[in-house]
Amino acid sequence: MIKLEKQGPIAILTLNRPDAMNALGEPGDGEAVRDACAQINSDKTIRCAILTGAGKGFSAGGNVKAMRDRIGSFAGSPAEVRDGYKNGVHQIVRALYNLEVPLIAAVNGAAVGLGCDVACMADIRISSDNARYGVTFLKVGLIPGDGGAWLLPRVIGMSRACELLFTGDVIDAKTAQEWGLVSKVVPGDQLMAEAMKLATSIAKQPPQSLRVAKQLLRHGTQASYDTIMEMSANAQGLMHHTKDHEEGVAAILEKREPVFKGD
C-alpha cells in the first residue's frame, strides 16, 4: 500500500491504493509504512522525503466498508479494536512523524479523516488546487483515533482545529492555505514538480545538521526553553566538528556554493 522510490537524495513515498482512494488502516499497513520509513532513516544519502497519493486522492482515511463490516483492524472486542489501532494506524502516523529527514506532503486530492492527519505528520504541506481537507471522524460517530487531537491544534491552532473537528466540514485548498494547514497551493499538474523543487533545495543542506535541526524544531514545541538551550549547545558542539561545517565556512570565504557530503 506504500511505494518507496529514490531520486538522488530525495525519497518519494506514495500511498498506493488508488482504487480505494488510498484508504489506510488495513492489516499490514502499519508495518509497511514503518519499514519504508526505517529504510529512509537508515539511508544517510537521503536528505528529504515527499509523501503523496496515487490516483486522484491523497487519502480518504479509514476504510468505511471495513468499519461497517467490522473486519480487519475494526474487528473484535473493544480491546481488540484498541490494539488494532495501536498496531496499525498508530504505526503509520508514528513512523511518518518520526522520519529523521524533512518530509513534504504533496497533497494531490482529498485528504480526509486519517488522510488529513497523515498529511499533518509532514513538516511542510503543498496542495493541489483541487485538494480538499476534512477532519470528519464525528460524522461516522468516531473521534480522532490517530493522534490528530494532539497534532491538529499545533498545526492550525486550537480554534480552527475545533471548528474542523466539531463541524466535520470539508474545506478547499484556498481555505486550507489561509488557515495555515498548507504552505502553498499550485495547479494539480505542477504539484510534484513544485514538491521536487522544494525538496531539491532542502537536499542541498548538510545532511547531519539537517536531521538535527528537524529534531530541535520538533522538541521545541514541547520542551522547556532551558532544555532546548542545552540540547542546542550539545548539538552545536558536534556540528562544529563536521567536515560539512568546514566546507560551509570555506564556501562563504571563497564566494562559492558549498558542496555538502554528510561528513
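**Reasoning from values to words in a predicted model**

Q: What makes the radius of gyration of this chain agree with that of a compact globule?
A: For a chain of 263 residues, a compact globule would have a radius of gyration near 18 Å, and because the chain has 19 Å, the value agrees with that expectation. The structure is a predicted model, and its C-alpha atoms fill a box of roughly 65 × 40 × 35 Å along the principal axes.

Q: How many helices and strands does the chain hold, and what share of its residues counts as buried?
A: The chain has 12 helices and nine strands. Of its 263 residues, 44% count as buried, a word reserved for residues under 20% relative accessible area.

Q: What share of the contacts in the chain with a separation of 6 or more comes from residues 24 or more positions apart?
A: Such residues account for 70% of those contacts. A contact here requires heavy atoms within 4.5 Å.

Q: Why is helix 4 described as largely enclosed by the rest of the structure?
A: Helix 4 covers residues 89-97, and seven of its nine residues are buried, so the helix is largely enclosed. The buried residues are Val89, Gln91, Ile92, Val93, Ala95, Leu96 and Tyr97.

Q: Why is Lys214 called buried or exposed, whichever applies?
A: The relative accessibility of Lys214 is 6%, and buried means under 20%, so Lys214 counts as buried. Lys214 has its place in helix 10, which spans residues 207-220. Leaving aside neighbours within four places in sequence, Lys214 is in contact with Leu99, Glu100, Val101, Pro102, Leu103 and Asp123.

Q: What links Lys44, Glu100 and Arg211?
A: These three residues are linked in a network of salt bridges. Glu100 also appears among the contacts of Lys214.

Q: How do you know that Lys174 and Glu178 form a salt bridge?
A: A salt bridge needs a side-chain nitrogen of Lys or Arg within 4 Å of a carboxyl oxygen of Asp or Glu; the N to O distance between the side chains of Lys174 and Glu178 is 2.6 Å, so the pair meets in a salt bridge. The structure holds 14 salt bridges.

Q: Why are Lys174 and Glu178 separated by about one helical turn?
A: They are four residues apart in helix 8 (residues 173-178), and therefore about one helical turn separates them. In general, an α-helix has 3.6 residues a turn, so residues three or four places apart point the same way.

Q: What makes Lys174 and Glu178 count as exposed?
A: Exposed means over 50% relative accessible area. Lys174 has 55% and is therefore exposed, and Glu178, with 55%, is exposed as well.

Q: How do you know that Arg68 and Asp69 form a salt bridge, and why is Arg68 called exposed?
A: The closest N and O atoms of Arg68 and Asp69 are 2.9 Å apart, which is within the 4 Å cut-off, so the pair counts as a salt bridge. Arg68 has 61% relative accessibility and counts as exposed, because the word applies over 50%. Asp69, at 40%, falls between 20% and 50% and so counts as partly exposed.

Q: What makes Arg82 and Asp83 a salt bridge, and why are these two residues called partly exposed?
A: Their closest N and O atoms are 3.2 Å apart, within the required 4 Å, and the pair therefore meets the definition. Arg82 has 48% relative accessibility and Asp83 has 32%; because partly exposed lies between 20% and 50%, the term fits Arg82 and Asp83.

Q: Why is Lys3 called partly exposed, and where does it lie?
A: Lys3 has a relative accessible area of 38%, which lies between 20% and 50%, so Lys3 is partly exposed. Lys3 lies in strand 1 (residues 2-7), and beyond its neighbours within four places in sequence it is in contact with Ile12, Leu13, Thr14 and Asn16.

Q: What makes Glu26 partly exposed, and where is it found?
A: Glu26 has a relative accessible area of 23%, and because this is not under the 20% cut-off for buried and not over the 50% for exposed, Glu26 is partly exposed. Glu26 is found in the loop between strand 2 (10-15) and helix 1 (29-42). Leaving aside neighbours within four places in sequence, Glu26 is in contact with Arg17, Asn63 and Ser73.

How values were computed
Residues numbered from 1 in each chain as written. Predicted model: local features only at pLDDT ≥ 70, side-chain atom pairs only at ≥ 80, totals over all residues. Heavy atoms only, no water. Helix = DSSP H or I, 4+ residues; strand = E, 2+ residues; numbered from the N terminus. Rg over C-alpha atoms; globule rule 2.2 N^0.38 Å. Buried < 20%, exposed > 50% of the residue type's maximum accessible area, 1.4 Å probe, protein only.
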